[in-house]
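How does one read strand pairing, burial and contacts in a model? The dialogue concerns the structure shown here.

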Amino acid sequence: MGFSGLLERVYHFIDSFLNYLLTTCHLSANGQYGWKSLDRKTGKLMREQQPLTKKMKLLFLFNPLTDWIDTTHLMRLWIHNKSIRKGEEEATPASHNQIKTFVETYGINMEDFEPSDIEKYKTFEDFFIRAHRPGSRPIHDLDDPTGAVVVADSRVVTYTSVAETKKLWIKGTDFTITNLVMDTQLGARFADAAVASFRLSPQDYHRYHSPVTGTVKAFRSIPGDYYQVDPVALQSRVNILTSNARSYIVIDTDHSGDVLFVAIGATDVGTVRINEKFQKQGSKIKKGDEIGYFQFGGSSIIVAFQKGAIKFDQDLLDLSKQKIQVSVEVGMSLGKANPLNKKVS
């Protein structure tokens, strides 16, 4: 057995030990152990519902010691392979039996989805990419092209610049827009962009929608790993978002300049899909249109606006400065185009 195999066995042992320890201690399996979030609809501040086993593993995997170990890329390979296996399992008929417990554990309101009957989903993967019932997520000011909207049922933070984003939220040493899109020319256009960072948990609806109205200018899919996108992971020095598999489109708008939409896979997400229509340059897109979807797992979306092109809603900005996520739904207001109504070059 080589060093790589030995280290993988160590990770597997720790993973199994934490599961055993927490089960033996009879701790709540799915309590509010996650990051602080404010529910935008109710105004209630709470911690995200998250399995304690996951929280413990995150604290173990993303700390200075493990950051040092990760320079070997062995942890990356281990998580990547585990994610692929998990995704394959969720596509089997046997996985259907997980749906009822999952819905009950996380209190998912199936009336928001179509079909609402969980027996209509043949596999957990089918359930995971369930569609919203028409009308369950109204789009804020649909006919106002100057407004931008929330792209996913998720938790969001917003920052006025990449520098502020790195200071407060995304601590990976390698995070820049250029590294995110792997294109120096495109990256330069978003060098000091305003950034909205959306994070989806496994219990969330996992289709994503356009924040703006415009025309698709570019599409690209980039292979990569499947790191966790939990705030604990994002605030480590591991380069999460610029390492994970991701796909992006660039949308040309009349009021907000170019808008970059990046869908980023994470643990247990085997595929990041952009609908075929929006892979084609010149395709028209309206805010609220479904861009694509993630397969099973947590995931993340970055929406970047060119400098000076957007004014995010004040409640989002204020809470983000306190490192508090806001729990939002597709179609809620995200912000407004620059009041000067100048297209950013």
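The turns below take up strands and then single residues.

Q: What kind of model is this, and which pLDDT limits apply?

A: This is a predicted model, in which local features need pLDDT of at least 70 and side-chain atom pairs count only at pLDDT 80 or more, while totals for chains, interfaces and linings use all residues. Residues are numbered from 1 along each chain as its sequence is written, and side-chain values use heavy atoms, with hydrogens and water left out.

Q: Where do the side chains of a regular strand point, and are the faces of β15 buried or exposed?

A: In a regular strand the side chains alternate between the two faces of the sheet. Strands are DSSP runs of E with at least two residues, numbered from the N terminus. Buried means under 20% relative accessible area (1.4 Å probe, protein chains only). In strand β15 (residues 299–305), seven of seven residues are buried. One side carries Ser299, Ile301, Val303 and Phe305, and the other carries Ser300, Ile302 and Ala304.

Q: Which strands pair with β15?

A: Two strands pair if DSSP finds at least two bridges between them. Strand β7 (residues 194–200) is antiparallel to β15 over seven bridges, with Leu200 opposite Ser299. Strand β11 (residues 258–265) also runs antiparallel to β15, joined by seven bridges; here Val259 faces Phe305.

Q: How many residues lie between the hairpin strands β1 and β2, and in which sense does β1 pair with β17?

A: Strands β1 (residues 36–39) and β2 (residues 45–47) pair antiparallel over three bridges, one partnership being Lys36 with Arg47. Five residues separate the two strands of this hairpin, and Gly43 in the turn has a positive phi of about 75 degrees. With strand β17 (residues 325–328), β1 runs parallel over three bridges, and Asp39 stands opposite Ser327.

Q: Why does Gly292 count as buried, and which residues does Gly292 touch?

A: Gly292, in strand β14 (residues 290–294), counts as buried because its relative accessibility is 0%. Contact means heavy atoms within 4.5 Å. Leaving aside residues up to four places away in sequence, Gly292 touches Arg207, Tyr208, Arg273, Ile274 and Asn275.

Q: Which side chain makes a polar contact with the side chain of His132?

A: A polar contact is a pair of N or O atoms within 3.5 Å; within protein, one must be able to donate a hydrogen and the other to accept it, and residues adjacent in sequence count only if both atoms are side-chain atoms. The partner of His132 is Asp153, at 3.1 Å. His132 lies in strand β4 (residues 131–132) and is buried, with a relative accessible area of 13%.

Key:
Buried < 20%, exposed > 50% of the residue type's maximum accessible area, 1.4 Å probe, protein only. Helix = DSSP H or I, 4+ residues; strand = E, 2+ residues; numbered from the N terminus.
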